[in-house]
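Let's take a friendly walk through a protein and the molecule it holds. Have the sequence and the 3D view ready, and follow along as we go.

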Amino acid sequence: MTVPFFAMNQSFSSTLPLIEESLDAFVDQASWVNDKQVRLLEQAIEAYTGAPFAIATGNATDSLIISLLALGIGPDDEVIVPCYSFFASLSCVLHVGATPVFVDIEPGSYGLDCAHVEACITPRTKAIMPVHLFRQMVDMQALKAIAQRHRLLLIEDSAEGIGMRWDGEHAGLIGDIGVLSFFPTKTLGALGDAGMILTRDPLLASRARQIMDNGRDAAGLAQRLGYNSRMDDLQALWLRARMLELEPDIARRAVHCALYDKYLEPLTQWVQRPVTLVRNCPQRTVDYVYLIEVPLRDALAAFLAARHIGTEAYYPLPLHLQPVCEHLGFQAGDLPVAERASTRALGLPLYPDLTPAAIGRVCEAIGEFYAAQGADL
Ligand SMILES: *Cc1c(COP(=O)(O)O)cnc(C)c1O
C-alpha cells in the first residue's frame, strides 16, 4: 500500500464539476487577474474569518513582505521571529532590509516562546512576528501584552492558520496584520500559488492593496513602490468552491489525527505524539500537520520511504542556522529547543482524502521500524 505525503485527487476531482459550471461565464469576464472572482473570494474570506479587510495576493510569502512594507518596517528595524519556521519568516524580513532577531520555540506548540521575547527587545525593535504552526496558535494573550507594553507591531504569520481561532478571533486578526496561504497542501488549497492578507485597519488595508498591485490606487495612480502580487481569478473561483468543503475537511483532519493518536499510543516509548497546550484563552485548533518527535528520525523516514510512505521533516534546519543569515552570527547551540526538534520532528501524511487503512499502515510500519531497533534505543 502506497501512502503519499499529500494527495487530494479525490477531493479535488469532486470540486471540479462545481467550477466547470462557472467556466463559460468566467471566460466571458475578459479579465482574469485580480478581478471579479477575486473580489468574491475576498468577501467569502471576510465572512469566514470575520476580517473587516481581506486582500488577495499571489502567495503568503509576498503577503508577509507586503505586510511589513505596509507597516513601514525597513532598514534599521529589528523584527523578532521564531527560528523554527518556513523560509518565508526569514526572507520577508531580509527583503525589506530589516534584521531578523531569532527566538527559540515553546515545547509542544513549536511557536515562538513568549518567555524569551522581552530579552530580545532593543531600541531598534519594531515588530514581533509569531508563526502559528501545525495545529495551534502562539499564546497571543501573552504576546499581545508584550507588544502593547513595548509599543511594538504584531504581524501574524497565519499561513497555516485558516480555521484557527484564539478566544473567538480568527488567526491573523489578533495582531495588526496577518496572512493566509492557499498553497495546494494547506488546509484550504488552490491549484497553484495564492495568498491573502487580513487586517482590521483600513489604512493598512489600502496600503497593502496598493503594494500588491504595482503601487496603484483606485484612480490608477502609483502612490508608492509596489509589486505584482495579484491573485488569478481562476484560483479565486477554485478556492471559493473549495471553501464549501473547508469545515468538513477540518473535521476529517481531526478524525484522522485521533486515529493516529490511537494507533501510536502503544509506541509511546519511541514516538512522541502532538499535544495541544492548555491556554488561558479558549482556542480552536486545526490539524494542518500531524507532527511526531522520534529518535532516529532520518532512518525512520528512509524506512518509511522504502515502503512507499511519504513523510516530511518539519523543519530540518532552523532558520538561524541557514546559510543566508550567516552574517547574523548565530551558532549551533544558541536556540536549543528548536535545534533538538529539527533533528526529531517528522510530519506524517495528513489530508482529508486519507483513509483509516492508510493511517493503520503508516503506524504499523513505524512500529516495525522501532521493534527492529532492539531494546538499546
Ligand atoms: C506555507 C507557509 C508560508 C508560505 O506560504 P506561500 O503561500 O507558499 O508563500 C509561510 N509561512 C508558513 C508558516 C507556511 O507554512
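## Around the ligand

An oxygen atom of the ligand sits 2.8 Å from a polar backbone atom of A60. Keep in mind as you look that this is a predicted model. Two side chains also offer N or O atoms to the ligand: one belonging to D157 is 2.8 Å from a ligand nitrogen, and one belonging to K186 is 3.1 Å from a ligand oxygen. How much of the ligand does the protein bury? On its own the ligand would expose 380 Å², and the protein buries 93% of that.

If you look for the neighbours, you will find 13 residues around the ligand. The ones that come nearest are T61, D157, E160, S181 and K186.

## A buried glutamate

Next, find E78, which is part of strand β2. Is E78 buried or exposed? Its relative accessibility is 11%, so E78 counts as buried, because the cut-off for buried is under 20%.

The side chain of E78 has a partner: a polar contact of 2.7 Å links it to the side chain of T122. Leaving out residues up to four places away in sequence, E78 touches T99, V101, T122, R124, T125, K126 and A127.

## Helix α4 and its cover

Now move to helix α4, which runs over residues 88-95. Which residues of α4 are buried? They are A88, S89, L90, C92 and V93. Their cover includes helix α3 (60-70) together with strands β2 (78-82), β3 (99-103) and β5 (153-157).

Just past the end of α4 you can spot G97, which takes a positive phi of about 85°.

## A nonpolar patch on the surface

On the surface, V27, W32 and V33 make a nonpolar patch of about 270 Å². One of them, V33, belongs to the loop between α1 (9-28) and α2 (36-49). With a relative accessibility of 39%, V33 counts as partly exposed, because that class lies between the 20% and 50% cut-offs.

## A long way across

Finally, look for A145 in helix α5, residues 140-149. A145 has a relative accessible area of 33%, so it is partly exposed. How many ångströms separate the C-alpha atoms of A145 and L304? The answer is 44 Å, for two residues that are 159 residues apart along the chain.

Conventions:
Residues numbered from 1 in each chain as written. Predicted model: local features only at pLDDT ≥ 70, side-chain atom pairs only at ≥ 80, totals over all residues. Heavy atoms only, no water. Patch = residues over 30% accessible without salt bridge, like charges linked within 9 Å, V, L, I, M, F, W, Y side chains within 5 Å. Areas by Shrake-Rupley, 256 points an atom, 1.4 Å probe, with all protein chains shown as cover. Salt bridge = Lys/Arg side-chain N within 4 Å of Asp/Glu carboxyl O. Helix = DSSP H or I, 4+ residues; strand = E, 2+ residues; numbered from the N terminus. Buried < 20%, exposed > 50% of the residue type's maximum accessible area, 1.4 Å probe, protein only. Contact = heavy atoms within 4.5 Å. Near = heavy atom within 4 Å. Polar contact = N/O pair within 3.5 Å; in protein donor to acceptor, adjacent residues only side chain to side chain.
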